[in-house]
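Reader: I'd like to go through this one with you. Can you take me through how the terms get applied?

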Amino acid sequence: MALAGLDIEQRARPRESFGEWVARRGTAFWVVAALLVLMPAIASPFWLVQIIAYALILGMIALSLMFLAGYGGIVSLVQMTVAGLAGYLVAILGSSAITQISLNWPWWAAVPIAILVATVFGTLCGALSVRTEGIYTIMITLAIASAFYYLTLQNYTIFNGFSGFNGILPPVFLGVDWGQGIPFYYLTLCCVALAYGAVIYVSRAPFGLALQGTRDNPRRMAALGFDVVAHRIAAYGFASLIAACAGVLLVWYQRQISPGTAGVGPVVDMLIIAVVGGLSRPLGPFIGALVYVLLRTFALDVLEGLGLDGRRYQLLIGLGFLIIVLFSPDGLIGIWQRLRERYRRSDEARDGAMGGGGAR
Amino acid sequence: MADFIGRRPIWSLIIILAVAILVWLIFAIWTPGMEASFGRKRVFLSALFNGITLGALYFLVASGFTLIFGLMRNVNLAHGSLYLFGGYLGYSVGEWTGSWLVALLVAFLVVAIVGILMQVLLFRWMEGQDLRQTLVTIGLSIIFADLLLWGYGGDTFQVTAPDWLSGPVTLPFAVALRSNGEAVMMTYPLVRIAILCGAIIVGVLMWLALNRTRVGMLVRAGVDDRDMLSATGVRVQLVFVMVFAFGAGLAGLAGVVGGTFQSLQPGEDTRILLSSLVVVIVGGMGSIPGAAVGALIVGLAEQFGSVYMPTYAVMLTFIIMVAVLAIRPQGLAARR
């Protein structure tokens with residue numbers, strides 16, 4: 001009942017034509033989309049896979065966090081763990097170099113089950129943590145994430161302990177080896193586009209609107225007859241699905257998985273990526289991920305170029321994160337929007353001055 | 001106490017029974033049948049004592065953490081970094097002066113000053129903004145971790161215990177019987193027992209200070225209604241700074257203590273932070289008795305888990321947290 005409560009308004013809107021739909025996206029959107037599709041023609045294999053595909057995968061995990069935090073007001077640190085669990089399941093159910101554990105299922109059986117189990121796990125974590133609010137959610141999801149990390153570290157019968165799994169190869173089907181650079185890039189791009197579109201769609205669907213309502217005023221939403229807890233758990237479920245898909249891509253990208261993949265560091269990195277990019281829009285996490293990947297890859301060279309110790313890139317990331325958190329709560333997207341706002345206002349002021357102030 | 005027995009007779013009975021069984025397990029000589037099913041008594045007893053002393057360490061860290069949260073609603077996710085910083089500092093000072101007590105004192109004071117700086121320079125400007133404080137402290141913890149790695153490298157350090165605290169003591173618990181009927185007594189490192197006593201003293205003093213003194217009254221009033229307290233003319237900011245300094249100082253102190261009977265290395269900061277998170281989630285946020293109960297439970301769970309079910313030790317701690325959340329989301333000892 002509550003989940004479909006807001007669809008009257010949606011139905012009342014007239015269907016737009018394809019042309020309008022294209023126009024409404026704006027020029028920048030189509031330029032970036034075209035650039036991403038044509039990327040293999042421009043970028044070298046290193047840039048294509050190591051930088052852009054990796055940033056897209058990390059951005060997808062951060063997108064699931066952004067969905068929860070931006071639309072639901074829930075800051076969950078468990079999304080990286082969901083991705084890690086999906087990756088582990090692909091390694092355990094599918095094939096890897098650790099033949100005594102891997103079950104060698106075909107990919108079309110292993111991947112859906114991995115995604116399903118990881119999504120259920122994420123939803124259960126959500127069901128556990130929605131009993132609490134705000135800071136408590138952060139703490140509990142952090143505790144869950146670290147419990148998973150230590151479990152994978154200590155358990156040798158299922159998770160193969162410290163060394164984890166290696167030799168996990170992306171599947172070959174339809175005559176294409178999806179582990180090759182360009183096919184893998186398009187596979188990633190396709191998944192990311194689907195996830196991005198799904199987040200935008202859901203955020204405007206009745207469910208997403210109700211979720212944003214529970215973020216802004218849970219008591220009023222409850223008084224209106226919405227089941228706030230159910231909405232939040234459903235949001236966890238949706239976000240976990242995205243994170244799980246990204247986890248499968250991640251394990252195919254790295255070809256191995258170990259406890260460090262979903263350790264406390266990466267879990268916090270995901271929050272950093274989402275916050276640095278900006279939690280207010282689905283685009284934010286991808287910007288954050290790109291910045292993060294670029295920093296990770298080139299900080300060493302840049303720092304050494306400046307005559308500093310190259311190993312201090314973690315310090316650089318920490319300082320950058322601190323500065324962004326202190327001065328721009330909506331991340332890089334927020335800075336961009338504020339700059340644009342200021343530019344437009346000064347533009348308007350100039351127009352106003354030319355018109356002799358009569359425009360007011 | 002009597003009130004609790006009156007309200008929850010069945011729970012009281014279960015608790016009394018459990019305590020009785022535990023006491024019997026500690027003092028009785030185990031029969032061979034029991035040793036076959038539970039393992040050796042020595043292992044059981046050392047897991048018990050290790051759990052309790054580990055709980056003492058967790059209490060020292062988590063009580064500062066929960067005090068800061070209780071008063072300022074400030075989740076300081078850099079608390080583990082303060083612990084590690086205090087530990088390294090204590091190591092350096094201990095090596096330099098040769099005195100464990102001086103190391104303890106210096107770590108407390110210096111980390112308390114760091115806490116004051118953090119409060120005055122950062123958190124004062126973002127009161128009531130939970131998420132922002134959390135993010136800022138995450139940023140700080142990354143910076144601290146890298147600075148400490150820079151300064152001390154990736155090696156493992158151990159703070160040397162003073163001579164008068166080193167060596168084992170014999171406890172009045174029989175571990176086993178020799179063939180001639182003479183009892184073998186339990187021996188245990190003195191330093192761990194001293195730390196347990198220290199943690200109990202700190203806990204009792206904190207409880208007394210909070211419940212029996214004027215400053216404690218101000219702190220508790222600040223927890224309940226900060227605006228009203230400042231309206232009555234109390235300089236709330238000053239109280240905040242003092243509490244932050246004390247909580248941070250405790251973390252630094254705990255760092256030296258932890259460095260004495262465990263070790264210090266990069267990554268220890270997050271481990272301690274996570275333990276104290278679980279401790280305060282289990283015990284209840286902002287409650288000193290809660291921190292004590294939670295620390296004891298988590299410490300015991302970790303030690304018994306690592307002895308009796310090594311692969312799933314972490315899961316035991318986690319299951320306890322889930323169970324507490326499911327029954328009492330606000331924690332065992334919280335009022336609300």
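Reader: What volume does the largest cavity have?

Author: Keep in mind that this is a predicted model. The largest cavity has a volume of about 50 Å³.

Reader: What makes it a cavity, and how many are counted?

Author: A cavity is a set of points where a 1.4 Å probe fits but cannot get out, so this space earns the name by being closed to that probe. With a floor of 30 Å³ or more, the count comes to one cavity.

Reader: Which residues line the largest cavity?

Author: From chain A there are A:Thr132, A:Tyr136 and A:Ile140. Chain B brings B:Val280, B:Ile281, B:Gly284, B:Met285, B:Leu325, B:Pro329 and B:Gln330. Two elements give two or more residues to that lining: α7 of chain A and α12 (268-283) of chain B. By class, the lining splits into seven nonpolar, three polar and no charged residues.

Reader: How do you know that chain A and chain B are in contact?

Author: Contact means heavy atoms within 4.5 Å, and 37 residues from chain A and 41 residues from chain B take part, so the word applies here. Together the chains bury about 3500 Å², 79% of it on carbon and sulfur atoms. A:Ile135, A:Met139 and A:Arg312 supply 18% of what chain A buries against chain B, more than any other three residues.

Reader: How many salt bridges are there between chain A and chain B?

Author: Zero. A salt bridge needs a Lys or Arg side-chain nitrogen within 4 Å of an Asp or Glu carboxyl oxygen, so no pair between the chains passes that test. Three residue pairs are in polar contact, though.

Reader: Which helix gives the largest share of chain A's side?

Author: α7(A), with 13 residues. That side of chain A divides into 27 nonpolar, seven polar and three charged residues.

Terms used. Residues are numbered from 1 along each chain as its sequence is written. Chains are lettered from A and ligands numbered from 1 in the order in which they are written. This is a predicted model: local features need pLDDT of at least 70, side-chain atom pairs count only at pLDDT 80 or more; totals for chains, interfaces and linings use all residues. Side-chain values use heavy atoms; hydrogens and water are left out. Buried area is the accessible area (1.4 Å probe) that two parts lose on being put together, summed over both. A polar contact is a pair of N or O atoms within 3.5 Å; within protein, one must be able to donate a hydrogen and the other to accept it, and residues adjacent in sequence count only if both atoms are side-chain atoms. Helices (H or I, at least four residues) and strands (E, at least two) are DSSP runs, numbered from the N terminus. Ala, Val, Leu, Ile, Met, Phe, Trp, Tyr, Cys and Pro count as nonpolar, Asp, Glu, Lys and Arg as charged, and the others, Gly among them, as polar. On a 1 Å grid over the protein atoms alone, a cavity is a set of points where a 1.4 Å probe fits but cannot get out, and a pocket is an open set with protein on both sides within 12 Å along at least five of seven lines; lining residues have an atom within 4 Å of a point. Grid points are joined across faces, edges and corners, and a volume is the space filled by probe spheres set on the points.
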